[in-house]
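I opened this notebook to keep track of what I looked up, entry by entry, for someone who has not met the structure before. Each entry takes one topic and sets down what I found there.

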Amino acid sequence: MNTKKYILATVGVAMMVSLGSCSFIDQMTKGKSSSKDTTTAATNNKETSSKKTNSKDVSQEAVLPRDREQIAVHKELRTYTPEEISRGVVKGDWAIEQVNGKTAIGEKAPYLKFSPSEKRFYGNNGCNSITGAYTYNPADSTMNFGNIASTMMMCGKEGITDYEINAALDATRSYTWTEKNGDYYLHLLDSSKREVMTLMHQNFDFLNGSWNVTMIDDTPIDNPDVQLVIDVDENKIHGNTGCNILNGAMETDMDAANSISFNSIITTRMACPPGDKTETEFIVALEEASTAKPISATEVLLFDSMGNQVLKLVRQK
């Protein structure tokens, strides 16, 4: 499958520069390299290769991810209810969709990650990693960004530039919300109420829990032992292929709404019934999955990068 997967990574050392005063900050940030683990599961003369995954301690003030990755965050950011959004709470992961009316496509997928307890944001401006402070007041919908710092990588000129995103943040004075087809959008406005940035919320809480796998591709599965448990808080999965225990990781990215990948998939080595291809097909389907969509309170569909359904999950009672 030629689907590009984006995983979490960190940069070891980077120079930061103040965007407000254009003076250099004499500080180096140190990243922690996470361990990588790659294993292979094979059945019926077919191999499904695992992918590498990283983890990140979020105690650092500046987070410096590479291309299109998300950073691990405090659990407070992983639960974001519609009720909180209705109260004007600004937190969690947001993909930058538009800047001054232009589609936000840069060398990297631009995004912001808001951490209310720190009163800070982290993210990427399409080329460089950025961090800074943010304040907001739901009572009057005011919002401001300050003390913005950025890494100093050389950036291309195609798409939305890093300067445009930084300038839009600097110009922000208020915010509003909209909802479309179940997706929430955050709109940043300047002092004249002109929209300078549109962001889309990434939320995977609907995947949390224990699931029966009832369909792989277009084939119904009538084996109740084929199960999947998804822990969104820990970005982990485990389950049963019908004859073996399965474990792995879940990663999300900012490329599209509900965009995911499952990786580092490993299984135990019990022999499956002769001629039973369920395990291989299940693992392949997990590795091909790139988006998830809830179709009811108890059913979720997973699709590959071409929009083909690869799995149907039904929540266990």
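**Entry 1: the whole chain.** I began with burial, for which a residue counts as buried when its relative accessible area is under 20%. The model is a predicted one, and of the 317 residues of the protein, 48% count as buried. I then looked up the exposed surface, which comes to about 15,300 Å², with carbon and sulfur atoms supplying 50% of it. For the secondary structure I noted three helices and 22 strands. I also checked how far along the sequence the contacts reach: among those between residues at least 6 apart, 54% join residues at least 24 apart.

**Entry 2: aromatic pairs.** How many aromatic pairs are there? I found seven aromatic pairs, and looked at two of them in detail. In one, the rings of W94 and W177 have centres 5.5 Å apart and planes at 45°, and because an angle that is neither under 30 degrees nor over 60 counts as tilted, I entered this pair as tilted. W94 belongs to strand β5 (residues 92-99) and W177 to strand β11 (residues 174-180), so that the pair links distant parts of the chain, 83 residues apart. Buried or partly exposed, I asked of W94 and of W177? W94 is buried, with a relative accessible area of 0%, whereas W177, at 22%, is partly exposed.

The other pair I followed is F114 with F145, whose ring centres lie 6.2 Å apart with planes at 40°, so this pair too is entered as tilted. F114 sits in strand β7 (residues 111-115) and F145 in strand β10 (residues 142-150), and the pair therefore ties together parts that are 31 residues apart in sequence. F114 is buried at 0% relative accessibility, and F145 is buried with a relative accessible area of 10%. Both pairs belong to a cluster that ring pairs build from W94, F114, F121, Y134, Y136, F145, Y175 and W177.

**Entry 3: the β9 and β10 hairpin.** Since F145 lies in β10, I looked next at the strand beside it. Strand β9 (residues 129-137) runs antiparallel to β10, and seven bridges join the two. I picked out one bridge, in which I130 has S150 of β10 as its partner. The two strands form a hairpin with four residues between them, and in the turn S141 has a positive phi of about 60°.

**Entry 4: nonpolar cores.** Which residues touch the most other members of the largest nonpolar core? Among its 27 residues these are I230, F262 and L302. The elements that give two or more residues to this core are β14 (209-216), β16 (226-231), β18 (245-252), β19 (260-267), α3 (278-288), β21 (299-303) and β22 (309-315). Helix α3 supplies the largest share, four residues. I listed the contacts of I230, leaving aside neighbours within four places in sequence, and they are L207, N208, G209, W211, K236, I237, M250, F262 and L313. A second, separate core has 22 residues and includes A104, L112, F114 and M143.

I went back to α3 to see how far the helix is covered, and eight of its eleven residues are buried. They are T278, E279, T280, F282, I283, A285, L286 and E287.

**Entry 5: A168.** I placed A168 in helix α2 (residues 162-171), where it is buried at 3% relative accessibility. Not counting residues up to four places away in sequence, A168 touches V99, V196 and M197. I also noted the C-alpha to C-alpha distance from A168 to L188, which is 8.3 Å for two residues 20 apart in sequence.

**Entry 6: the disulfide.** Where is a disulfide found? Searching the whole structure I found one disulfide, formed by C243 and C272, with sulfur atoms 1.9 Å apart. A disulfide is a covalent bond between the sulfur atoms of two cysteines. C243 is in the loop between β17 (236-241) and β18, while C272 is in the loop between β19 and α3, so that this pair links distant parts of the chain, 29 residues apart. C272 counts as partly exposed, at 23% relative accessibility.

Technical notes:
Residues are numbered from 1 along each chain as its sequence is written. This is a predicted model: local features need pLDDT of at least 70, side-chain atom pairs count only at pLDDT 80 or more; totals for chains, interfaces and linings use all residues. Side-chain values use heavy atoms; hydrogens and water are left out. Rings of Phe, Tyr and Trp (its six-membered ring) pair if their centres lie within 6.5 Å; planes under 30 degrees apart count as stacked, over 60 as edge-to-face and the rest as tilted. Buried means under 20% relative accessible area, exposed over 50%, partly exposed in between (1.4 Å probe, protein chains only). Two strands pair if DSSP finds at least two bridges between them. A nonpolar core is a set of buried Ala, Val, Leu, Ile, Met, Phe, Trp, Tyr and Cys residues joined through side-chain atoms within 4.5 Å. Contact means heavy atoms within 4.5 Å. A disulfide is a pair of cysteine sulfur atoms within 2.5 Å. Accessible areas come from the Shrake-Rupley method with a 1.4 Å probe; for residues, only the protein chains shown count as cover.
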